[in-house]
Structure formats: C-alpha cells, structure tokens
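Trainee: I have a structure in front of me that is new to me, and I would like to learn how to read it feature by feature. Could we go through it together?

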Amino acid sequence: PPAMSRRVVRQSKFRHVFGQPVKADQMYEDIRVSKVTCDSSFCAVNPKFVAIIVEAGGGGAFIVLPLAKTGRVDKNHPLVTGHTAPVLDIDWCPHNDNVIASASEDTTVMVWQIPDYVPMRNITEPVVTLEGHSKRVSIISWHPTARNVLLSAGCDNLVILWNVGTGEMLLVLDDMHTDLIYNVGWNRNGSLLVTTCKDKKVRIIDPRKQQIVAEKAKPHDGARPIRAIFMADGKIFTTGFSKMSERQLGLWDLKNFEEPIALQEMDTSNGVLLPFYDPDSSIVYLCGKGDSSIRYFEITDEAPYVHYLNTYSSKEPQRGMGFMPKRGLDVSKCEIARFFKLHERKCEPIVMTVPRKSDLFQDDLYPDTPGPEPALEADEWLSGKDAEPILISLRDGYVPVKNRELKVVKKNILDNKPPPVSRRSQSACDPDFSRPALEEVLEEIRALKETVQAQEKRISDLENKLCQFTNGTD
C-alpha cells in the first residue's frame with residue numbers, strides 16, 4: 001500500500017559519513033593554544049599550512065606550521081608576532097595560500113605573507129596594517145570571489161571592508177548594529193553579508209548599497225550568542241538557544257524570513273555551536289566550543305530539510321576548530337571534510353570520509369569546487385559587479401601553487417593632483433637625481449632583499465640538514 005512507502009529510509013550518499021582521528025604521530029604536539037575567551041575558532045587551515053592562535057606574553061601571536069610538519073613542534077619554532085595585544089581571529093586568504101590576516105585586541109588587522117620555507121626568526125613585519133577600528137577586532141573574513149577584499153568587525157559595532165592591495169578602507173558599515181557583533185558571513189558570490197548581534201537580530205546586508213535588505217528579530221529566543229551562515233542557495237542557517245537554554249538550529253528563507261523552514265532542538269549544553277558548511281555536499285557540521293563531539297546534518301529541499309546524519313564523538317573537549325577547504329582534501333581516500341581540533345597543548349586532525357569500495361575518482365562526491373583564482377578585482381566588486389567562484393576539478397587532486405607575493409601599493413594622495421610646475425623650477429631641483437636614478441636605487445634594494453631571503457632559506461635548509469645529521473648520530 002502507498003502508506004508504506006513513507007517509511008523508506010531517505011536515500012543519501014552521506015548517510016555513512018564517518019569521522020576518525022589521525023594516528024598519534026600525525027598530530028601537532030606541544031602548542032600552547034590561546035586561552036582568550038572568544039567565540040572564534042582559533043585555527044585556520046589551507047592546503048599548505050595550519051595556523052593556530054597561541055599564548056603570547058606581552059603581545060599577540062599565532063603559529064604557522066606547514067601541513068606536513070606533524071609531531072612535536074620545536075619550542076623555538078618561529079611565531080607571527082606583530083600585534084601588541086592578543087590575536088582574536090585569523091583567516092587564510094582564499095586566493096593566495098601564503099597570505100593570512102589576523103585581527104587583534106590591539107584594534108588593528110594585519111595581513112601577513114608566509115614563506116614556503118620555515119623562517120629562522122619570528123615574523124614581525126606584516127605586509128600591511130589596517131587601522132580604522134577604535135576597539136578590539138574580533139572577526140575577519142576574506143571576500144570569497146574578489147581579490148584582496150577583506151572584512152573586519154570590531155567591538156565598536158563597525159563592519160569595515162578593506163582593499164588589502166592598497167591598504168584603504170572601501171566601505172564602513174556603521175549605524176547598522178546597536179550592539180556587539182557575534183559573527184559575519186558572506187554569501188557564495190560575496191554580494192551579501194549575514195550578521196548576528198547581541199541585540200538578538202539576524203541581518204542581511206548589501207554592503208555596497210550600505211543597506212539592510214532583511215532582518216529577523218529573535219530567530220532563537222534564548223539570550224546566548226546566535227550564529228548564522230549562508231547556504232549556497234541563499235537560505236540562512238542559524239544556531240542559537242531556546243528560552244529553556246536548549247541549543248537549537250534553524251533554517252530560514254529570506255523570501256519569508258518570519259517563519260523558519262526548520263527549527264530543531266538539540267541538547268542543553270551551553271557552548272556556542274560553530275557551524276562549518278560544505279556547499280558541495282550540502283552538509284553542515286556543528287562544533288561546540290567545549291564540546292567533545294561534532295554533529296553533522298545534510299540540508300536538502302525535502303522536509304524536514306535539515307536531516308541529522310551522525311555525531312563524531314571523542315573523549316576530549318575542543319578548544320577551537322579549523323576546517324580545511326575542499327581543495328585541501330585527499331580525494332583518493334574519499335575524504336569529504338577534515339577538521340583540525342585544538343586541545344590545550346595540541347592540534348588533532350579529524351578526517352571525515354564516505355566509505356567506497358572503488359579506487360576510482362568519485363565524481364559524485366567531488367563536484368567542481370572553488371579554486372584559488374579570484375573572479376573579480378577589488379574595484380570591479382566595489383563598482384557593483386558580482387561573480388560566482390571560479391571552479392576547479394579535483395579529479396587529479398589539487399597541487400598548491402608556489403608562493404605568490406602580495407603587493408601592496410599605497411595610493412599617494414599627491415598622485416591625484418600633480419602641482420602645476422613651471423619648466424624652470426623643475427630644473428632647480430637636483431638634476432642628477434632624476435627618476436631613473438631613483439628607480440635604480442629601488443631596484444638595487446629589491447635585489448638585496450631577494451639575496452637576503454635566498455640566504456635565509458639556504459641557512460635554514462643547511463640547519464635542517466645539520467639537525468638530521470646530528471639526530472642521526474644520537
């Protein structure tokens with residue numbers, strides 16, 4: 001009878017996703033993870049590096065490790081130490097695996113170039129420092145498709161958009177949030193933002209028009225922080241708390257923002273749930289700070305829309321969590337997600353796989369995914385253009401590209417209006433020190449810099465060789 005067909009188990013290739021921690025020697029040990037109380041994830045990863053915010057006396061620091069450098073971290077391993085107060089958030093640039101941004105209690109955002117080799121000393125000089133917030137900056141997020149566009153949000157209730165390539169502010173969104181901003185997320189093509197705020201509202205913002213295009217008061221009734229992210233199709237996924245302090249998740253459609261498409265209660269733990277989303281598989285992973293589990297759900301167009309898949313459970317609570325972009329996964333092992341779980345003194349990768357018998361490339365698990373090429377330049381985006389991410393195939397795996405230098409060209413105010421100069425007064429300047437001479441000096445400085453960097457790399461390689469040599473004779 002037709003009534004029976006209702007009971008059929010929902011078909012999904014993700015019903016059997018299972019998580020596994022890596023072997024002990026594949027962890028990163030002896031890292032003093034930051035103890036700052038902040039709902040950020042403290043960890044950012046990409047196909048080349050894992051970056052972790054660490055304890056730092058007197059300033060703010062994070063450590064960057066090449067992915068392959070597992071095991072015990074040398075206590076003299078260099079740190080990134082430019083901030084004068086704790087680092088609160090870090091985010092790798094999606095279009096350059098050697099560029100990372102950091103936000104700090106010292107009110108600044110800094111952008112760093114990380115070399116492919118391990119430097120000898122701490123990295124203390126950012127490529128650019130972005131100053132504009134008047135209070136601590138707890139959130140940063142790169143634009144998904146436009147080159148060098150970075151968002152920051154601070155405890156001054158401001159959201160600022162920057163062009164990192166010029167060091168300039170592009171847009172300042174003030175007068176939108178009446179209280180502390182909890183989180184900010186881009187939609188897939190970077191045309192809209194979703195924010196959550198202590199005033200219990202979720203806002204959808206068009207940053208270029210500087211307008212709130214939709215908002216929802218109290219998507220969750222509880223007083224504790226709400227998080228919100230965009231799904232690939234433009235729906236909004238939220239986590240929060242009910243009146244009875246139960247943790248909830250919600251799914252919302254902007255066309256009818258009043259009523260949730262789905263609202264589910266989970267448990268009564270008080271850790272804020274950080275959602276991590278994979279648009280390719282339409283899976284949301286929920287990691288609570290202080291939880292020892294990761295719950296995951298598939299989002300579909302059929303009721304109940306948010307389908308519980310499974311829970312990865314462990315003994316130890318997580319202090320923070322990194323989430324690898326799709327192009328950093330091992331497609332030959334049918335890996336569909338990899339988390340980097342922070343403990344007090346170590347970082348433990350957790351691999352999520354879909355078991356398959358075949359060794360062939362599983363194209364249903366790996367649709368084309370955003371690659372490292374930006375689809376737009378910053379000024380194109382600012383002028384109103386939108387573009388979807390440029391996709392790449394993972395059929396042959398993804399090989400990270402060599403280090404590309406981030407160039408910052410500060411616009412000179414004087415460039416805009418050259419002063420009127422009469423022919424005579426021009427020659428009154430030192431005629432010898434002409435523009436070509438200046439170019440030559442700059443060229444020489446550049447060459448010297450390159451030599452020093454090459455020497456540092458050579459020294460570091462030799463030191464590594466020496467280490468291997470001396471270790472071998474112990």
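**Reading strands, burial and cysteines**

Mentor: Let us begin with a pairing of strands: β10 and strand β11, which covers residues 128–131, run antiparallel and are joined by 4 bridges. Within that pairing, Met110 of β10 has Thr129 of β11 as its bridge partner.

Trainee: How should I read such a pairing, and which residue of β10 is the bridge partner of Ala103?

Mentor: In general, the strands of a sheet pair through backbone hydrogen bonds, and they do so either parallel or antiparallel. Here, strand β9 (residues 99–104) is also antiparallel to β10, with 5 bridges between the two, and Ala103 is bridged to Val109. The two strands β9 and β10 make a hairpin with 3 residues between them, and in that turn Thr107 has a positive phi of about 75 degrees.

Trainee: Are the residues of β10 buried or exposed?

Mentor: Strand β10, residues 108–113, is mostly covered, with 6 of its 6 residues buried. The cover is on both faces, since Thr108, Met110 and Trp112 on one side are buried, and so are Val109, Val111 and Gln113 on the other.

Trainee: Before I go on, how far may I trust these coordinates, and what is the average pLDDT of the protein?

Mentor: This is a predicted model, with an average pLDDT of 91 for the protein and 92% of the residues scoring at least 70. In residues 421–429, however, the pLDDT falls below 50, and beyond near neighbours in sequence this stretch has 1 contact in the model. Where pLDDT is low, the predicted coordinates should not be read in detail.

Trainee: What is the strand order in the open sheet of 4 strands?

Mentor: The order is β12-β13-β14-β15, and the pairing is antiparallel. β12 (137–142) and β15 (168–173) stand at the edges with a single partner strand each, so one side of each has no neighbour in the sheet. From one strand to the next, the twist averages 25 degrees. Inside this sheet, β13 (residues 149–154) and β14 (residues 159–163) are joined by 5 bridges and run antiparallel, and Val149 has Asn163 in β14 as its bridge partner.

Trainee: Where does Asn148 lie, and is Asn148 buried or exposed?

Mentor: Asn148 is in the loop between β12 and β13, and with a relative accessible area of 16% it is buried. Leaving aside neighbours within four places in sequence, Asn148 is in contact with residues including Trp142, Trp162, Asn163 and Leu406.

Trainee: How many disulfides does the structure hold?

Mentor: A disulfide is a covalent bond between the sulfur atoms of two cysteines, and this structure holds 0 of them. For Cys43, the nearest cysteine sulfur is that of Cys347, 4.9 Å away, and Cys43 counts as buried at 5% relative accessibility. For Cys197, the nearest cysteine sulfur belongs to Cys155, 11 Å away, and Cys197 is buried as well, with a relative accessible area of 1%.

Trainee: Which residues does the UniProt annotation "repeat: WD" cover?

Mentor: In the unreviewed UniProt entry, that annotation covers residues 80–114, 130–172 and 174–215. In the model, residues 80–114 are 0% helix and 63% strand, with end C-alpha atoms 9 Å apart, while residues 130–172 are 0% helix and 56% strand, with end C-alpha atoms 13 Å apart. The unreviewed entry also lists residues 438–465 as "coiled-coil region", and there the chain is 100% helix and 0% strand, with end C-alpha atoms 41 Å apart.

Terms used. Residues numbered from 1 in each chain as written. Predicted model: local features only at pLDDT ≥ 70, side-chain atom pairs only at ≥ 80, totals over all residues. Heavy atoms only, no water. pLDDT = per-residue confidence, 0-100. Contact = heavy atoms within 4.5 Å. UniProt positions renumbered as here; feature names shortened; annotations may be inferred. Pairing = 2+ DSSP bridges. Axes fitted to C-alpha atoms, helices over the stretch in contact; angles between N-to-C directions. Buried < 20%, exposed > 50% of the residue type's maximum accessible area, 1.4 Å probe, protein only. Disulfide = S-S within 2.5 Å.
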